[in-house]
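Subject: Structure handover

Hello,

Here is the structure I said I would pass on. Please open it alongside this note.

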Amino acid sequence: MADVESFRAELVEFLERELPGVLGEPPPPTADYWGGRNPELPHPSSRRYCEIMAERGLTAPTWPTEYGGGGLDKDRARIVVAELRRLRLPQPLIGFGMSMIGPTLLQFGTDDQRREHLPRIVRGEIRWAQGYSEPNAGSDLASLQASARITGDDIVINGQKIWTSYADKADWMFGIFRSDGGGKKQEGITFLLLDMQQPGVEVRPIKLISGMSPFCETFFTDAHARTRDVIHGIGSGWTVAKALLGHERNMIGDLFGAGGRARQIVTGNPLVDLARDHVGEPGGRIADPVLRDRVTQITMDERGFALTTQRAADSLKAGHKPGPESSIFKIYGTELNQRRHELMLALRGPQCLGWEGDGFDERELAQTRDWLRSRGNTIEGGTSEIQLNIIAKHVLGLPD
Ligand SMILES: Cc1cc2nc3c(=O)[nH]c(=O)nc-3n(C[C@H](O)[C@H](O)[C@H](O)COP(=O)(O)OP(=O)(O)OC[C@H]3O[C@@H](n4cnc5c(N)ncnc54)[C@H](O)[C@@H]3O)c2cc1C
């Protein structure tokens, strides 16, 4: 315990010494930083903040030090999160490198692959995209057809991926490709990494109902990858792909659990604030009893879910690999988030669902778009129906 407390004191001393000069004092609240070769800067100091933290391995506190992580156990990692929150700072770096391909390389990568890719992830130098879904391979992912032809040290890639989130901003892609057409569809799939900034890769953004274009179609025409970037061997990619989906589902569940709203440096309860503003609270109670009940229920559910995902995150830090239970977090977290957005619309009453014009303020317009975006939560990372199938088969042991 004394060791843990001296770690906290040393960390606080480091943060208070290093950060005010960079971020200003008091530090401004900053949004998520994804890194990359040409990073978007949510705050002018985002990159520098990431670099300072990465020098100490604090962008990936639990990853091994030889790959650029902090090598911390779960108690110390939790202190890092708590101290950043106390200083009202966000995580220094987020993205698919941190949440998906990094943990997968720790599980399946060779030492050379980890040494090449993990330090660049930790330092925020490379932004990653996920190349899984295809026009005819979503839920039935193993039906994928985009091909990888392997000759010597070179791999030639042809075909199409779709719904590739942030492909237009990504530097590298991790993806699955068919290297052999014979046998069962789960066989002959190769998991590989490729540099997206090359002539054979074309990215076309897709516009969503919310008006944003966060994901893209990605076309490959004789694009190239290196055999040294094949993870877990040629034709054995399905095992890696499934393991990565476990990390993805944990990440999505966690977004709406311990890692999400808590990370957003929120004080108080935004649902109560919204109810206070739009419904009123005579005598200190939300005026409408039905809405009051819904606010209470969701607040309790969010609290319970945050504690559960915190417990799961702790066991991951202690070395436990995500299993089919990540599907439970995925389905519960995403449906909880949708319930929350439905409630926020209900609380706004006649001010909900504004799209444009003077009658609505900025927060009301953003709420409409966020509500529409939340519809995708139960599709991305595998739909709710697919999660129910996994839970039925692998958690409850029900027959096919
Ligand atoms: C916001 C968002 C971001 C995404 N980002 C990425 C990304 O970065 N990279 C990437 O590769 N993909 C990404 N996707 C794609 C996502 O993984 C797929 O949309 C998802 O797996 C579903 O595939 P599909 O769209 O082809 O639907 P389909 O598989 O065609 O499913 C259609 C409907 O049928 C149901 N269904 C299908 N099979 C079954 C079954 N066996 N049992 C019961 N019901 C079934 C589904 O639940 C769904 O309701 C993203 C999707 C969204 C919405």
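Below is what turned up, from the core outwards. Bear in mind that this is a predicted model.

**Cores**

The largest nonpolar core has 36 residues. Those with the most contacts inside it are Ile101, Trp128, Tyr132, Phe174, Ile176, Phe191 and Leu193. Helices and strands both feed it: α2 (46-55), α4 (96-108), α5 (111-122), β4 (172-178), β5 (189-195) and α6 (237-255) each supply at least two residues. Another core, of 18 residues, lies apart from it, and includes Ala129, Ala146, Val201 and Phe220.

Ile176 is worth a look. Beyond its neighbours within four places in sequence, Ile176 is in contact with residues including Tyr132, Leu141, Leu144, Ile189, Phe191 and Ala241.

**Helix α1**

Val4 sits in helix α1 (residues 2-23). Val4 counts as buried, because its relative accessibility is 11%, under the 20% cut-off. Outside the residues up to four places away in sequence, Val4 touches Arg76 and Ile79. The C-alpha atoms of Val4 and Asp75 are separated by 7.4 Å, although the two are 71 residues apart along the chain.

Glu10 forms a salt bridge with Arg56, with the closest N and O atoms 3.9 Å apart. This pair links distant parts of the chain: Glu10 is in helix α1, Arg56 is in the loop between α2 and α3 (74-86), and 46 residues separate them. Glu10 is partly exposed at 46% relative accessibility. Arg56 is partly exposed too, at 37%.

**Other salt bridges**

The structure holds 28 salt bridges. Glu5, Arg8, Glu16, Glu83 and Arg86 are linked in a network of them. Within that network, Glu83 and Arg86 meet at 2.7 Å, N to O. They are three residues apart in helix α3, so about one helical turn separates them. Glu83 is buried at 5% relative accessibility, whereas Arg86 is partly exposed at 47%.

Glu202 and Arg204 make a further salt bridge, with the closest N and O atoms 3.0 Å apart. Glu202 is partly exposed at 39%, and Arg204 is partly exposed at 39%.

**Cysteines and surface**

How many disulfides does the structure hold? Zero. Cys216 is buried at 0% relative accessibility. Cys352 is partly exposed at 22%.

On the surface, Ile328, Val395, Leu396 and Leu398 form a nonpolar patch with about 340 Å² of accessible area together. Leu398 falls in the segment after α11 (384-395) and is partly exposed at 44%.

Best wishes

Conventions:
Residues are numbered from 1 along each chain as its sequence is written. This is a predicted model: local features need pLDDT of at least 70, side-chain atom pairs count only at pLDDT 80 or more; totals for chains, interfaces and linings use all residues. Side-chain values use heavy atoms; hydrogens and water are left out. Patches are made of residues with over 30% relative accessible area and no salt bridge: like charges are joined within 9 Å, nonpolar side chains (Val, Leu, Ile, Met, Phe, Trp, Tyr) within 5 Å. Accessible areas come from the Shrake-Rupley method with a 1.4 Å probe; for residues, only the protein chains shown count as cover. A salt bridge is a side-chain nitrogen of Lys or Arg within 4 Å of a carboxyl oxygen of Asp or Glu. Helices (H or I, at least four residues) and strands (E, at least two) are DSSP runs, numbered from the N terminus. Buried means under 20% relative accessible area, exposed over 50%, partly exposed in between (1.4 Å probe, protein chains only). A disulfide is a pair of cysteine sulfur atoms within 2.5 Å. A nonpolar core is a set of buried Ala, Val, Leu, Ile, Met, Phe, Trp, Tyr and Cys residues joined through side-chain atoms within 4.5 Å. Contact means heavy atoms within 4.5 Å.
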